[in-house]
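Thanks, everyone, for making the time this morning. I would like to walk through one model with you, taking the aromatic rings to begin with and the pocket after that.

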Amino acid sequence: MIQSQFTTGPREELAATVVDAKARKDLSWQDLTDGTGLSVAFVTAALLGQHALPADAAKTVAAKLDLDEDAVRLLQSIPLRGSIPGGVPTDPTIYRFYEMLQVYGATLKALVHEQFGDGIISAINFKLDIKKVADPDGGERAVITLDGKYLPTKPF
(Lines give C-alpha, C1' and ligand atoms only; values in the text may rest on other atoms or scores of the structure.)
Protein backbone atom coordinates (compact mmCIF):
# COMPACT_ATOMS: atom_id res chain seq x y z
CA MET A 1 0.00 0.00 0.00
CA ILE A 2 1.25 3.49 -0.83
CA GLN A 3 2.15 5.50 2.26
CA SER A 4 2.62 9.24 2.64
CA GLN A 5 4.63 11.30 5.12
CA PHE A 6 3.04 14.26 6.93
CA THR A 7 6.26 15.77 8.28
CA THR A 8 9.73 16.16 6.81
CA GLY A 9 11.50 14.74 9.87
CA PRO A 10 11.69 11.00 9.03
CA ARG A 11 12.87 11.61 5.46
CA GLU A 12 15.37 14.26 6.62
CA GLU A 13 16.82 11.78 9.12
CA LEU A 14 17.00 9.08 6.43
CA ALA A 15 18.60 11.54 4.01
CA ALA A 16 21.30 12.26 6.60
CA THR A 17 21.86 8.51 7.01
CA VAL A 18 22.07 8.08 3.22
CA VAL A 19 24.57 10.90 2.79
CA ASP A 20 26.70 9.51 5.62
CA ALA A 21 26.65 5.96 4.22
CA LYS A 22 27.34 7.28 0.69
CA ALA A 23 30.42 9.11 1.99
CA ARG A 24 31.65 6.19 4.12
CA LYS A 25 31.38 3.84 1.13
CA ASP A 26 32.83 6.45 -1.27
CA LEU A 27 29.90 6.09 -3.68
CA SER A 28 28.65 8.65 -6.18
CA TRP A 29 25.00 9.49 -6.78
CA GLN A 30 25.43 7.71 -10.13
CA ASP A 31 26.76 4.62 -8.33
CA LEU A 32 23.60 4.61 -6.22
CA THR A 33 21.42 5.12 -9.30
CA ASP A 34 22.99 2.31 -11.34
CA GLY A 35 20.66 -0.68 -11.50
CA THR A 36 17.51 1.28 -10.62
CA GLY A 37 16.48 2.10 -14.18
CA LEU A 38 15.92 5.71 -13.09
CA SER A 39 17.75 8.97 -13.73
CA VAL A 40 20.49 10.18 -11.43
CA ALA A 41 18.58 13.41 -10.75
CA PHE A 42 15.45 11.52 -9.70
CA VAL A 43 17.28 9.02 -7.48
CA THR A 44 19.36 11.78 -5.88
CA ALA A 45 16.22 13.81 -5.18
CA ALA A 46 14.55 10.73 -3.73
CA LEU A 47 17.49 9.92 -1.49
CA LEU A 48 17.50 13.53 -0.30
CA GLY A 49 13.86 13.16 0.68
CA GLN A 50 12.06 14.71 -2.30
CA HIS A 51 10.59 11.67 -4.11
CA ALA A 52 9.35 8.18 -3.37
CA LEU A 53 11.34 5.37 -4.98
CA PRO A 54 9.70 2.34 -6.56
CA ALA A 55 10.15 -0.80 -4.45
CA ASP A 56 12.84 -2.37 -6.64
CA ALA A 57 14.86 0.85 -6.77
CA ALA A 58 14.55 1.32 -2.99
CA LYS A 59 15.85 -2.22 -2.42
CA THR A 60 18.72 -1.74 -4.90
CA VAL A 61 19.88 1.49 -3.25
CA ALA A 62 19.39 0.14 0.27
CA ALA A 63 21.58 -2.87 -0.49
CA LYS A 64 24.38 -0.59 -1.69
CA LEU A 65 24.15 1.51 1.47
CA ASP A 66 23.45 -1.35 3.95
CA LEU A 67 20.11 0.20 4.93
CA ASP A 68 17.52 -1.87 6.81
CA GLU A 69 13.95 -2.80 5.82
CA ASP A 70 12.53 0.23 7.65
CA ALA A 71 14.64 2.48 5.43
CA VAL A 72 13.48 0.58 2.32
CA ARG A 73 9.85 1.21 3.32
CA LEU A 74 10.53 4.87 4.08
CA LEU A 75 12.26 5.39 0.72
CA GLN A 76 9.02 4.22 -0.90
CA SER A 77 6.81 6.64 1.04
CA ILE A 78 5.59 9.83 -0.57
CA PRO A 79 7.50 12.63 1.17
CA LEU A 80 6.35 16.00 2.35
CA ARG A 81 8.35 17.86 -0.26
CA GLY A 82 10.32 21.05 0.10
CA SER A 83 13.86 21.54 1.21
CA ILE A 84 14.12 25.33 1.19
CA PRO A 85 12.47 27.17 4.10
CA GLY A 86 11.17 30.72 3.81
CA GLY A 87 8.45 32.79 2.19
CA VAL A 88 6.55 31.55 -0.83
CA PRO A 89 6.46 33.68 -4.01
CA THR A 90 2.96 34.68 -5.13
CA ASP A 91 3.50 35.17 -8.88
CA PRO A 92 2.43 31.87 -10.50
CA THR A 93 5.39 31.62 -12.89
CA ILE A 94 7.94 32.46 -10.23
CA TYR A 95 6.20 30.11 -7.82
CA ARG A 96 6.71 27.21 -10.25
CA PHE A 97 10.46 27.89 -10.32
CA TYR A 98 10.35 28.07 -6.53
CA GLU A 99 8.54 24.72 -6.54
CA MET A 100 11.20 23.24 -8.84
CA LEU A 101 13.95 24.42 -6.49
CA GLN A 102 12.05 23.11 -3.46
CA VAL A 103 12.02 19.66 -5.01
CA TYR A 104 15.38 19.66 -6.86
CA GLY A 105 17.48 22.34 -5.08
CA ALA A 106 19.25 19.96 -2.69
CA THR A 107 19.76 17.54 -5.60
CA LEU A 108 21.37 20.22 -7.78
CA LYS A 109 23.62 21.28 -4.89
CA ALA A 110 24.67 17.67 -4.20
CA LEU A 111 25.43 16.97 -7.86
CA VAL A 112 27.30 20.27 -8.41
CA HIS A 113 29.51 19.64 -5.38
CA GLU A 114 30.11 16.02 -6.30
CA GLN A 115 31.08 16.86 -9.87
CA PHE A 116 32.91 20.18 -9.32
CA GLY A 117 33.85 20.41 -5.63
CA ASP A 118 33.13 23.12 -3.07
CA GLY A 119 31.98 26.26 -4.84
CA ILE A 120 29.08 27.92 -6.61
CA ILE A 121 27.59 28.33 -10.04
CA SER A 122 27.80 32.01 -10.93
CA ALA A 123 24.63 33.96 -11.59
CA ILE A 124 26.77 36.80 -12.96
CA ASN A 125 28.90 34.88 -15.47
CA PHE A 126 25.75 33.13 -16.59
CA LYS A 127 23.67 32.24 -19.63
CA LEU A 128 20.01 31.35 -19.66
CA ASP A 129 18.19 29.82 -22.59
CA ILE A 130 14.56 28.84 -22.94
CA LYS A 131 13.10 27.01 -25.89
CA LYS A 132 9.60 25.91 -26.71
CA VAL A 133 9.52 22.42 -28.15
CA ALA A 134 6.71 20.09 -29.15
CA ASP A 135 5.72 17.50 -26.57
CA PRO A 136 5.44 14.05 -28.20
CA ASP A 137 2.39 13.44 -25.99
CA GLY A 138 0.75 16.64 -27.25
CA GLY A 139 1.11 20.28 -26.30
CA GLU A 140 4.40 22.03 -25.71
CA ARG A 141 7.32 21.81 -23.34
CA ALA A 142 9.70 24.44 -22.01
CA VAL A 143 13.39 23.59 -22.20
CA ILE A 144 15.30 25.86 -19.85
CA THR A 145 19.10 25.88 -19.83
CA LEU A 146 20.94 27.49 -16.93
CA ASP A 147 24.60 27.87 -17.87
CA GLY A 148 26.75 29.41 -15.15
CA LYS A 149 30.49 29.49 -14.61
CA TYR A 150 31.68 27.33 -11.75
CA LEU A 151 33.54 29.33 -9.12
CA PRO A 152 35.47 27.25 -6.59
CA THR A 153 35.61 28.25 -2.95
CA LYS A 154 39.09 29.53 -2.12
CA PRO A 155 40.42 29.13 1.39
CA PHE A 156 41.88 32.28 2.93
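**Aromatic pairs and the largest pocket**

Let me start with Tyr98, which counts as buried because its relative accessibility is 17%, under the 20% cut-off for that class. Please keep in mind throughout that this is a predicted model. Tyr95, by contrast in class, is partly exposed, with a relative accessible area of 28%. These two tyrosines sit three residues apart in helix α6, so about one helical turn separates them.

The structure holds two aromatic pairs. In one of them, the ring centres of Tyr95 and Tyr98 are 6.0 Å apart and the planes meet at 40 degrees, so the pair is tilted. In the other, Phe116 and Tyr150 have ring centres 5.0 Å apart and planes at 25 degrees, which is under the 30 degrees needed, and therefore this pair counts as stacked. That stacked pair links distant parts of the chain, since Phe116 belongs to helix α6 and Tyr150 to strand β2, 34 residues apart. Of these partners, Phe116 is partly exposed at 47% relative accessibility, while Tyr150 is buried at 17%.

Turning to the largest pocket, the space in it comes to about 840 Å³. Its lining is made up of 23 residues, and those closest to the centre are Leu101, Tyr104, Leu108, Ile144 and Leu146. Two or more lining residues come from each of α6 (92-116), β1 (119-134) and β2 (140-152), with α6 giving the most, namely twelve. By residue class, the lining divides into 16 nonpolar, six polar and one charged.

How values were computed: Residues numbered from 1 in each chain as written. Predicted model: local features only at pLDDT ≥ 70, side-chain atom pairs only at ≥ 80, totals over all residues. Heavy atoms only, no water. 1 Å grid on protein atoms, 1.4 Å probe; cavity = no way out; pocket = protein on both sides within 12 Å on 5 of 7 lines; lining within 4 Å. Points joined across faces, edges and corners; volume = space filled by probe spheres on them. Helix = DSSP H or I, 4+ residues; strand = E, 2+ residues; numbered from the N terminus. Nonpolar A, V, L, I, M, F, W, Y, C, P; charged D, E, K, R; others polar. Phe/Tyr/Trp six-rings, centres within 6.5 Å; stacked < 30°, edge-to-face > 60°. Buried < 20%, exposed > 50% of the residue type's maximum accessible area, 1.4 Å probe, protein only.
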